[in-house]
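Me: I have a protein model open and would like to know how its labels are earned. Could you take me through the reasoning?

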Amino acid sequence: MVPLTGTLSERTLRQLGDIVVDRDRPGAQAVVVKLPNAVAEEWRVPGGTVADTNPEYPADERVVVVVFRDDLEERYPRYTGGIALALEQLNRDGVDYYSFPAARLRRVGQLEPHEIALNDIDPCPYHARNFNAAANRDYIEAIRERGRLEPAPLVRDCGDRFEILNGHKRVWASYVAGLESIPCDVHYQRDLYAARTWARRHLSGYSDRERRVALRRIESNLDVQQASYIDERL
């Protein structure tokens, strides 16, 4: 945990994965898991809106969704904040979450990427691009000299393995550079949402051939309707 200070609304740094405490009721730590595109007077919670339940804070304050740290570690023990947890997922998994105006929360630290053995990381099954060591010699050598890479790749926890959601080249180059483990941001998603997360970060940069290959792989792992759903929302 990195000790830091300042309210969430005062900072423009990465915020998912921030460890926070409630200024009004100091106690257990919570973790920021979602940053809705909404302000307090727009975001509904039991009893009204976030503004209604927090009248002492500005109605136009940004909304932050948190999960208490003990609850998060019980259900998603390796989550690091690389991307938001969907409310649908939290509801499905029975994880309690709470919405606050940002200014009510005090930042006390941040979740750190997990160090994961490269042998435990698999490529996304839809990945359709190859890398050439000769063409990336300088990049590989830079990773070898540093002994690590930044930013951390994004992977999803699949139980006893991890699957890359974003950062295939970084993982590949680390392997070629001779590293045994790398820091990764870890997320939890079911197959359909993992495919959509991967697609949003890759298909727009793919050639037509690569895109066709990727979509065929998505169809073979999911189904045609789900593949169309993913393609239409890019």
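Reply: Happily; what follows takes the labels one by one and sets each value against its rule. This is a predicted model, where local features need pLDDT of at least 70, side-chain atom pairs count only at pLDDT 80 or more, and totals for chains, interfaces and linings use all residues. Residues are numbered from 1 along each chain as its sequence is written, and side-chain values use heavy atoms, with hydrogens and water left out.

Me: Why is R156 called buried?

Reply: Buried means under 20% relative accessible area, exposed means over 50%, and partly exposed is in between (1.4 Å probe, protein chains only). R156 has 9% relative accessibility, so it counts as buried. E163, at 12%, is buried too.

Me: What makes E163 and R156 a salt bridge?

Reply: The term asks for a side-chain nitrogen of Lys or Arg within 4 Å of a carboxyl oxygen of Asp or Glu. For E163 and R156 the N to O distance is 3.3 Å, and the pair therefore qualifies. By this rule the count comes to 13 salt bridges.

Me: Which parts does the pair of D191 and R156 tie together?

Reply: The side chains of D191 and R156 meet in a salt bridge at 2.9 Å, N to O. D191 lies in helix α6 (residues 191-202) and R156 in strand β10, so the pair ties together parts that are 35 residues apart in sequence. Helices (H or I, at least four residues) and strands (E, at least two) are DSSP runs, numbered from the N terminus. D191 itself has 44% relative accessibility, so it counts as partly exposed.

Me: How do you know that β10 and β11 pair?

Reply: Two strands pair if DSSP finds at least two bridges between them. Strand β10 (residues 154-157) and strand β11 (residues 162-166) are joined by 4 bridges, so they pass, and they run antiparallel. L154 stands opposite N166 in β11.

Me: What makes R209, R212, R216 and R217 a patch of positive charge?

Reply: Lys and Arg count as positive and Asp and Glu as negative, while His and the chain ends are not counted. Patch members have over 30% relative accessible area and no salt bridge, and like charges are joined within 9 Å. Each charge is placed at NZ of Lys, CZ of Arg, CG of Asp or CD of Glu. R212, in helix α7 (residues 208-221), has 48% relative accessibility and so counts as partly exposed.

Me: Which residues form the negative patch?

Reply: D70, D71, E74 and D96 form that surface patch. D70 is exposed because its relative accessible area is 61%.

Note on methods: Patches are made of residues with over 30% relative accessible area and no salt bridge: like charges are joined within 9 Å, nonpolar side chains (Val, Leu, Ile, Met, Phe, Trp, Tyr) within 5 Å. Accessible areas come from the Shrake-Rupley method with a 1.4 Å probe; for residues, only the protein chains shown count as cover.
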